[in-house]
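Work through the exercises below with the sequence and the model side by side. Try each task before reading its solution.

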Amino acid sequence: MRQTTGGRLDGHVVLVTGAAGTLGRAISAAVTEGGGIAVTSDLAGREGMDFALDVTCEADWQRAMAEIAERHGRLDGLVNNAGIVLVGDVEATSLADWRRVMAVNADGVFLGCKSAMTLLARSLSPSIVNVSSVSGLVGGANLAAYNASKGAVRLLTKSVALAGARRSPQVRCNSVHPAFVAGDMVDGLAAAARDPDRARARMAADIPLGRLAEPAEIAEAVVWLLSPASAFMTGAEMVLDGGLVAR
Ligand SMILES: NC(=O)c1ccc[n+]([C@@H]2O[C@H](COP(=O)([O-])OP(=O)(O)OC[C@H]3O[C@@H](n4cnc5c(N)ncnc54)[C@H](O)[C@@H]3O)[C@@H](O)[C@H]2O)c1
């Protein structure tokens, strides 16, 4: 029933974290457009979500899994998308800020993979997509905590993929590594600069393709990784960066 082709997601139940944000909204819309059922979650108080899920809270994950099991009976896909960015070099980053970034970006993905495994194992083609970043591949002087957290997501993904390959059914797990995506996070980064317009122009100019990514461009790739069309891909890094790390 859920064996599909061409990147389609007919009937797939997919949980998206951070679904009220720029990429989360685009991913949820692409899942629905692909014929799947997007189960949307974000922090309490974000409007239009199926339920509240703070990714740093293990009890929230357990509650979410129980609710999805009751409503849908299984989970076919998990997109660990929730994340926060912090600008600061290693000296300027407080221990409290480091822990906050690691809690959301690294602990949150760990808890998601860990909590969802049992329910994912009820699917015919389970797939996890972890949203890392180009900042999980290359460093930036002023992104100490963000770099560390996104690097953790990159290698956790490989460990989960190897463990998932031993299960029956096999659970795939891949990471995506976008560069700057037009939306709230980039607006926040630009706003933190002395000259926001210049900062935004520099971000685009740094990218060989000369522009920021559109959220839908990242979402399409996530849907493909969720779908059986990518069945032989696991533990891999999909870099969606307009050529940024090619040089
Ligand atoms: N925007 C970019 O340029 C860019 C580039 C590369 C990677 N990413 C990654 O993509 C993901 C989505 O980013 P975005 O651009 O949509 O950012 P965004 O700020 O628009 O959305 C992030 C969402 O995560 C939610 N969130 C924050 N803390 C949470 C928590 N503890 N539990 C649950 N939800 C929480 C927020 O409420 C928000 O809705 C992040 O992991 C980010 O690091 C973004």
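Two residues are in contact when heavy atoms lie within 4.5 Å. The model is predicted.

**Exercise 1. List the contacts of Phe-51, leaving aside its neighbours within four places in sequence.**

Solution.
- Step 1. Start with the contacts that come before Phe-51 in the numbering: Leu-15, Val-39, Thr-40, Ser-41 and Asp-42.
- Step 2. Add those that follow: Ala-64, Glu-67, Ile-68 and Arg-71.
- Step 3. Place Phe-51 in its surroundings. Phe-51 is a member of the largest nonpolar core, which has 27 residues.

**Exercise 2. Which members of the largest nonpolar core touch the most other members, and which elements give two or more residues to this core?**

Solution.
- Step 1. Pick out the best-connected members: Leu-15, Phe-51, Trp-61, Met-65, Ile-68, Leu-75 and Ile-128.
- Step 2. Name the elements. They are β1 (13-16), α2 (58-72), α3 (95-120) and α4 (144-165).
- Step 3. Find the main contributor. Helix α3 gives the largest share, eight residues.
- Step 4. Look for another core. A second, separate one has 24 residues, including Ala-19, Val-31, Val-223 and Met-238.

**Exercise 3. Describe how domain 1 and domain 2 meet.**

Solution.
- Step 1. Set the bounds. Domain 1 covers 13-178 + 215-232, and domain 2 covers 181-212.
- Step 2. Take the distance between the C-alpha centres: 24 Å.
- Step 3. Count the residues in contact. Domain 1 supplies eleven and domain 2 supplies seven.
- Step 4. Turn to area. The size of an interface is often given as the accessible area lost when the parts come together. Here the two domains bury about 680 Å² between them, and carbon and sulfur atoms give 66% of that area.
- Step 5. Find the residues of domain 1 that lose the most area to domain 2. They are Thr-22, Val-85 and Glu-217, together 49% of what that side buries.
- Step 6. Count polar links. There are two residue pairs in polar contact between the domains. The interface also has one salt bridge.
- Step 7. Assign elements on the domain 1 side. Helices α1 (22-33) and α7 (215-226) each give two or more residues. Helix α7 gives the most, with three.

**Exercise 4. How far apart are the closest N and O atoms in the salt bridge of Arg-211 with Glu-217, and how exposed are the two partners?**

Solution.
- Step 1. Read the distance: 2.8 Å.
- Step 2. Recall the cut-offs. Buried means under 20% relative accessible area, exposed means over 50%, and partly exposed falls in between.
- Step 3. Apply them. Arg-211 has 39% relative accessibility, so it counts as partly exposed. Glu-217 has 36%, so it is partly exposed as well.

**Exercise 5. Contrast the salt bridge of Asp-60 with Arg-63 and the one of Lys-158 with Glu-237.**

Solution.
- Step 1. Take the total. The structure holds eight salt bridges.
- Step 2. Examine the pair in α2. The closest N and O atoms of Asp-60 and Arg-63 are 2.5 Å apart. Both residues lie in that helix, three residues apart, about one turn.
- Step 3. Check burial. Asp-60 counts as buried because its relative accessibility is 13%. Arg-63, at 47%, is partly exposed.
- Step 4. Examine the other pair. The closest N and O atoms of Lys-158 and Glu-237 are 2.8 Å apart. Lys-158 is in helix α4 and Glu-237 is in strand β7 (residues 237-240), so this bridge ties together parts 79 residues apart in sequence.
- Step 5. Check Glu-237. Its relative accessible area is 28%, so Glu-237 is partly exposed.
- Step 6. Extend the pair. Salt bridges with shared partners join Arg-154, Lys-158 and Glu-237 into one network.

**Exercise 6. Is Ser-28 buried or exposed, and what lies around its side chain?**

Solution.
- Step 1. Locate Ser-28: helix α1.
- Step 2. Classify Ser-28. Its relative accessibility is 8%, so Ser-28 counts as buried.
- Step 3. Find the polar partner. A polar atom of the Ser-28 side chain lies 2.8 Å from the backbone oxygen of Gly-24.
- Step 4. List contacts beyond four places in sequence: Val-16, Ala-19, Ala-38 and Thr-40.

**Exercise 7. Which residues does a cis peptide bond join?**

Solution.
- Step 1. Recall the background: most peptide bonds are trans.
- Step 2. Name the pair. Ser-168 and Pro-169 are joined by a cis bond, with omega about 0 degrees.
- Step 3. Place Pro-169. Pro-169 sits in the loop between α4 and β6 (172-178).

Definitions and conventions:
Residues are numbered from 1 along each chain as its sequence is written. This is a predicted model: local features need pLDDT of at least 70, side-chain atom pairs count only at pLDDT 80 or more; totals for chains, interfaces and linings use all residues. Side-chain values use heavy atoms; hydrogens and water are left out. A nonpolar core is a set of buried Ala, Val, Leu, Ile, Met, Phe, Trp, Tyr and Cys residues joined through side-chain atoms within 4.5 Å. Buried means under 20% relative accessible area, exposed over 50%, partly exposed in between (1.4 Å probe, protein chains only). Helices (H or I, at least four residues) and strands (E, at least two) are DSSP runs, numbered from the N terminus. Domain bounds come from an automatic or database domain assignment. Buried area is the accessible area (1.4 Å probe) that two parts lose on being put together, summed over both. A salt bridge is a side-chain nitrogen of Lys or Arg within 4 Å of a carboxyl oxygen of Asp or Glu. A polar contact is a pair of N or O atoms within 3.5 Å; within protein, one must be able to donate a hydrogen and the other to accept it, and residues adjacent in sequence count only if both atoms are side-chain atoms.
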